[in-house]
Structure formats: structure tokens, C-alpha cells
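Open the model in a viewer and keep the selection panel at hand. The stops below say what to select and what to look for.

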Amino acid sequence: WVTPSLSHSGATGTLAQWVLLELQGEVEPRQNGELAGSLLGDLHYTCEGVPVLIVGHHILYGKVVQLEKPFAVLVKQGGDPQPSPTEPHGHYTVTALIKTKLLFKTRPKPIITNVPKKV
Amino acid sequence: AAMRSRAEVDATLQTAKLNPAELLPVVHCLSFGPQAGGGECCLLQLEPGLCAELEAGHSLVIRGEKDEHAVLCSKDKTYDMKIADTSNMLLFVPGCKTPEELNADPASCNIIHSQIAGFSNNYWELRRCRPKLKKLRKLLMEDPYDGPDSQKDQTSTFSKYTTEDLLSLIQASEEEILHQLQVIDACKIEGYWRILDFDYEMKLLNHVTQLIDSESWPLSKVPLCACLEELGSLEPREMIEHILVSYGRKYVDAGEIFFEMREDKICRAIAQMLLQNAVKFNLSEFEEVWQQSVPEGMTTRLDQLQGLALVDKSSRPETIFLLKVEDLPEDNQERFNSLFGIREKWTEVDITPYIQDLCAEKQTVGALLTKYARSSMLNGVKVYNSRRPIS
């Protein structure tokens with residue numbers, strides 16, 4: 001079962017709307033630490049609405065895309081084995097809908113922090 | 001980790017040589033939430049209509065036993081599920097605002113701490129598919145109902161299925177299942193869905209057609225009440241009504257219920273009754289016996305037997321034999337293999353009734369033939385044969 005979980009959403013009783021961030025590459029925790037709690041970066045928007053993501057020493061420029069086919073975010077119920085692609089059986093709750101994504105496909109611009117000062 | 005402050009954000013902007021004047025005042029500081037790495041969330045790409053259904057509070061169901069490919073069902077449609085990989089990383093972020101939302105609602109704060117709920121490099125894709133309904137008939141055929149006097153039911157060890165049972169076992173939406181139950185003339189007896197044993201069904205039909213004949217009722221106006229009265233002593237009233245509903249069209253006239261008997265369906269059933277007794281029949285002999293066996297006033301035609309029987313025009317004399325489409329495999333390739341195993345070359349007219357049900361939404365028989373068969377000419381007629389050698 002895939003049930004919209006109205007109890008997870010806001011007071012209005014509608015499903016929560018999340019946003020998708022699409023990045024190139026992989027997510028790896030810094031310094032072998034736990035991923036949970038660690039920072040990814042700062043997300044800004046230009047006045048024209050262009051998303052700008054500062055991750056570590058990189059600046060990424062992206063664009064806001066309205067998804068033609070929205071996504072549902074499913075969370076498996078019942079503490080059973082995790083929902084894997086090969087075993088999609090079981091009871092799921094729809095936690096949120098995603099209708100928008102921020103797509104970052106441009107090559108990251110490195111931030112140069114050590115600029116030799118003119119003496 | 002401590003939450004970033006606005007001062008730290010501004011310092012980063014300065015280092016990055018970005019001009020704050022060119023940016024909206026609100027920043028989202030993104031970090032990974034406590035469950036982010038757990039892999040408990042996954043993404044399902046929604047086909048048109050499904051998003052609206054979820055927002056309206058309806059549920060979607062994933063169905064399939066361990067040995068079946070899982071399908072997703074809305075209340076009236078069925079979809080195949082397939083994993084799609086992306087080369088990119090997808091992060092799902094609650095409480096993240098778009099520029100539009102920020103502009104529409106000037107915030108009192110200039111920093112939002114957003115926790116990434118999870119991430120993935122794949123998602124489930126959906127593709128509308130035919131509901132997998134062959135299993136429905138198979139389950140109900142485990143124990144066909146053959147009347148109240150049957151010794152079977154008391155000692156029966158076979159499973160009987162309620163609507164809920166069927167919903168959990170059949171890979172189709174509820175509407176598709178209920179519609180198919182109607183199509184196969186299933187009926188509910190003591191809360192369980194049952195298919196009638198064919199001989200019992202013909203017995204019931206015969207009671208009705210004989211009564212119609214002896215009362216000289218027009219085939220288009222058979223009264224329900226009179227049938228129940230006259231036949232109620234022979235068979236359960238529910239069964240009499242069921243056979244009328246299966247083989248007639250119900251209507252009301254001056255407050256009374258009547259049935260317009262369906263000539264094609266009755267002729268077809270009688271043909272099945274005749275044909276199931278032998279491997280094949282001499283065609284002209286069969287046609288004669290068949291016409292004599294149907295109720296007075298009905299006319300038999302070979303096109304009533306589409307998907308039920310096949311005529312062999314190449315044999316001398318011409319013959320006819322039973323071939324029921326519902327006995328053939330459900331999978332496209334297996335169906336075509338089976339058909340080409342029965343007959344090497346088929347005309348489009350002959351094969352259409354046996355592949356019509358395979359057509360997906362907006363797919364034509366022609367498209368199926370192009371994909372699964374190869375065409376050639378035989379005596380000036382276009383015929384189709386297998387693309388591969390049949391073993």
C-alpha cells in the first residue's frame with residue numbers, strides 16, 4: 001500500500017511539498033564522519049531567480065525546473081527491510097510531493113581563497 | 001554541528017566574491033538531516049493523474065507476490081514499476097522555498113535552516129500496463145459453482161475468494177477487477193465470488209430458453225417475475241436471475257423488469273457446448289447441428305465464435321475446433337508463440353480475435369503484428385507467421 005499520510009503534513013491537511021536538488025557527482029561525508037548533521041552548503045537565489053549553491057570551495061549555478069512528472073516521496077512503514085528497487089512490496093506512506101527541482105548541471109566554479117597579496 | 005549564522009553566510013559570500021545586492025535576501029543553509037543516510041525514503045515518478053489522486057487523499061497500492069513483478073495500482077489503473085538510474089544525485093529537501101515563493105512572501109528572517117531528508121540516484125518509473133487479470137479466472141476456476149445440490153461445497157478444500165482476497169492477489173486496480181468479474185459473469189454466493197461450472201450454466205440457460213419457448217415470449221421481452229415463479233422450484237432464484245443477467249439485457253417497462261435476450265451470446269454458448277465434446281468437427285455438419293440447437297428465432301453466424309473457435313479452411317472437408325482466447329498465455333510473446341504453434345500462418349482476420357486483448361492503450365492489432373510477427377503473401381493473401389523458428 002502507498003497511502004498519502006495526512007498526519008505528516010501541515011495543518012491544512014494537504015501533502016507537504018518538498019524540493020528536489022539535482023547535483024552531479026556523489027554525496028560523501030567529509031572526514032569519514034556521519035552524514036547526518038553535516039553541512040552541505042548555502043543556497044542563494046539571484047534577483048532573477050537563478051539558484052546559486054556554494055558547496056565547500058565551489059560555486060554552482062543552476063536553474064529552477066517545474067517537473068513535468070512530479071515525484072512522490074515514499075517512506076516504508078514497519079521497520080522492515082528497506083525499500084529496495086528489487087523488493088517494492090509492503091506498506092508505504094507518501095510523505096511529500098515534489099513538483100520543483102533545482103538542477104545544478106554547470107561545472108562548479110572553484111572559489112580561490114588564497115590570493116597572494118601584493119607586497 | 002552548530003547552525004550557521006548570517007554572519008558566516010555573509011563571510012562566505014564575500015570569499016566567493018558574490019555581490020549580496022544581486023541576491024535575494026534569504027539564504028537556505030542546507031545540512032543533512034538525522035535520517036538522511038538511512039535510505040528509508042525513495043522516489044516514485046508520478047504519471048499524469050496520480051499526483052491529483054494523492055492530493056485528493058486517495059491511496060495507491062503496490063501489488064505482487066514474490067514471484068511477480070510489482071505493479072502499482074490507482075483505483076482504476078495499473079502500472080508496471082521499473083527502476084530508473086540517474087547519473088546525478090537527487091536530494092530531497094523539505095521546507096525549501098523557490099524564488100517565486102520567497103518573492104511572494106517577504107520573509108521576516110533572512111536565513112532558513114533546511115535539513116535534507118534523503119538522497120538517491122534512482123527512482124521508480126511507472127508505465128501504464130494492461131491489468132494482469134488472467135489469474136482472476138484461474139483462481140475462480142479452482143472451484144466452479146455447480147449448484148446447491150453439489151456435494152462438493154460441503155467437503156470442498158479449495159479456497160473461496162472474497163473481494164478483499166481478490167484485491168490482495170490480483171495485480172490490477174479495484175475497478176479493473178470488478179469490471180472483469182462482470183465480464184466473466186462471476187457472481188457472489190455467500191460473500192464469495194464464484195464462476196459457474198459450464199455444464200451447470202448451460203442447464204440454467206436451457207431452463208430459461210425452454211420456458212421462453214413454451215410461453216411463446218418474444219426473445220426481447222422475457223419477464224423476470226414469471227421466470228422466478230416458474231423455475232424457482234427447479235433452481236435457486238438467485239441463479240435464475242443471474243443467468244438472465246448474464247445472457248440478457250435488463251430493462252424496466254411499466255414498472256416490471258424484463259430481459260432482452262442476447263442472441264449472439266446464447267448462440268456462442270451453445271456452440272461451445274457442442275464443440276467441447278470432440279477435438280474438431282466437420283464444419284458444415286457442425287453448422288447444421290448448431291442452428292438446430294439454438295432457440296427458435298435465433299440465427300447462428302460464424303462471427304459469433306470469434307475468440308472461441310477456429311475454422312480450418314485448408315482441410316478437406318473444412319473443419320472447426322474449439323480455441324478459447326482465455327486459455328492462451330497472457331504475456332505477448334508467449335501468446336504469439338502459442339498461436340504460431342497451433343497454426344503456422346494466420347490471416348489478420350483469423351488472428352485478430354486472439355490478440356485483440358493484448359493491445360495496450362492506443363495500440364492497434366497492426367502494431368502488435370508488426371512487432372511480433374513477420375508477414376508474407378500466400379495465394380494472394382497476406383499472412384503472418386512467427387519471427388523465429390518454433391521449436
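Select chain A: 44% of its 119 residues count as buried. The model is predicted. Colour chain A by secondary structure, and eight strands and zero helices appear. Along the sequence the order is β-β-β-β-β-β-β-β. Turn on contacts within chain A, keeping pairs at least 6 apart in sequence; 62% of these join residues at least 24 apart.

**From chain A to chain B**

Next, select A:K99 and B:E55. Their side chains form a salt bridge, with the closest N and O atoms 2.9 Å apart. This pair crosses between chains, running from strand 7 (residues 92–104) of chain A to helix 2 (residues 50–55) of chain B. A:K99 has a relative accessible area of 27%, so it is classed as partly exposed. B:E55 is also partly exposed, at 37% relative accessibility. Over all chains, the structure holds 20 salt bridges.

**Two salt bridges within chain B**

Which residues belong to the salt-bridge network that includes B:D80? Select B:D80, B:R127 and B:K132, which are linked in it. Within this group, B:K132 and B:D80 pair with their closest N and O atoms 3.5 Å apart. B:K132 sits in the loop between strand 7 (118–128) and helix 4 of chain B, and B:D80 in strand 5 (residues 78–93), so the bridge ties together parts 52 residues apart in sequence. The relative accessible area of B:K132 is 25%, which makes this lysine partly exposed.

Move to B:K265 and B:D185, where a salt bridge has an N to O distance of 2.6 Å. The two residues are 80 apart along the chain: B:K265 is in helix 11 (residues 263–275) of chain B, while B:D185 is in the loop between helix 7 (174–183) and strand 8 (187–189). Are these two residues buried or exposed? Both B:K265 and B:D185 are buried.

**A buried lysine without a salt bridge**

Now select B:K324, in the loop between strand 15 (319–322) and helix 13 of chain B. B:K324 is buried but has no salt bridge. Draw a distance to B:D327, the nearest side chain of opposite charge, and the value is 4.3 Å. A salt bridge needs a side-chain nitrogen within 4 Å of a carboxyl oxygen. Neighbours within four places in sequence aside, B:K324 has contacts with B:Q272, B:G307, B:L308 and B:Y354.

**Helix 14**

B:Y354 leads to helix 14 of chain B, where it is one of the buried residues. Select residues 348–355 to show this helix, which is mostly covered, with six of its eight residues buried. Besides B:Y354, the buried set includes B:D350, B:I351, B:T352, B:P353 and B:I355. To see what lies over them, add strand 14 (309–312), helix 13 (332–342), strand 16 (346–347) and helix 15 (365–372) of chain B, which are among the covering elements.

**The cavity**

Switch on cavity display. One cavity of 30 Å³ or more is present in the structure, and the largest cavity holds about 50 Å³ of space. To frame it, select B:L139, B:L140, B:D143, B:S159, B:K160, B:Y161, B:W193, B:R194 and B:I195, which form its lining. Helix 4 (134–140) and strand 9 (192–194) of chain B each contribute at least two of the lining residues. By type, the lining has five nonpolar residues, one polar and three charged.

**Backbone stops**

Most residues other than glycine have a negative phi, and most peptide bonds are trans. Select B:R316 and B:P317, which are joined by a cis peptide bond with omega about 0°. B:P317 is in the loop between strand 14 and strand 15 of chain B.

Go to B:K17, a residue other than glycine whose phi is positive, near 60°. B:K17 lies in the loop between helix 1 (6–15) and strand 1 (27–32) of chain B, and counts as exposed at 64% relative accessibility.

B:N379 also has a positive phi, about 50°, although it is not a glycine. Its place is the loop between strand 17 and strand 18 (381–386) of chain B. With a relative accessible area of 74%, B:N379 is exposed.

End at B:L378, in strand 17 (residues 373–378) of chain B. B:L378 is partly exposed, at 39% relative accessibility. Leaving out neighbours within four places in sequence, B:L378 has contacts with B:K345 and B:V383. Its C-alpha atom is 9.5 Å from that of B:T347, 31 residues away along the chain.

Definitions and conventions: Residues numbered from 1 in each chain as written. Chains lettered and ligands numbered in written order. Predicted model: local features only at pLDDT ≥ 70, side-chain atom pairs only at ≥ 80, totals over all residues. Heavy atoms only, no water. 1 Å grid on protein atoms, 1.4 Å probe; cavity = no way out; pocket = protein on both sides within 12 Å on 5 of 7 lines; lining within 4 Å. Points joined across faces, edges and corners; volume = space filled by probe spheres on them. Helix = DSSP H or I, 4+ residues; strand = E, 2+ residues; numbered from the N terminus. Nonpolar A, V, L, I, M, F, W, Y, C, P; charged D, E, K, R; others polar. Buried < 20%, exposed > 50% of the residue type's maximum accessible area, 1.4 Å probe, protein only. Contact = heavy atoms within 4.5 Å. Lys, Arg positive; Asp, Glu negative; His and termini not counted.
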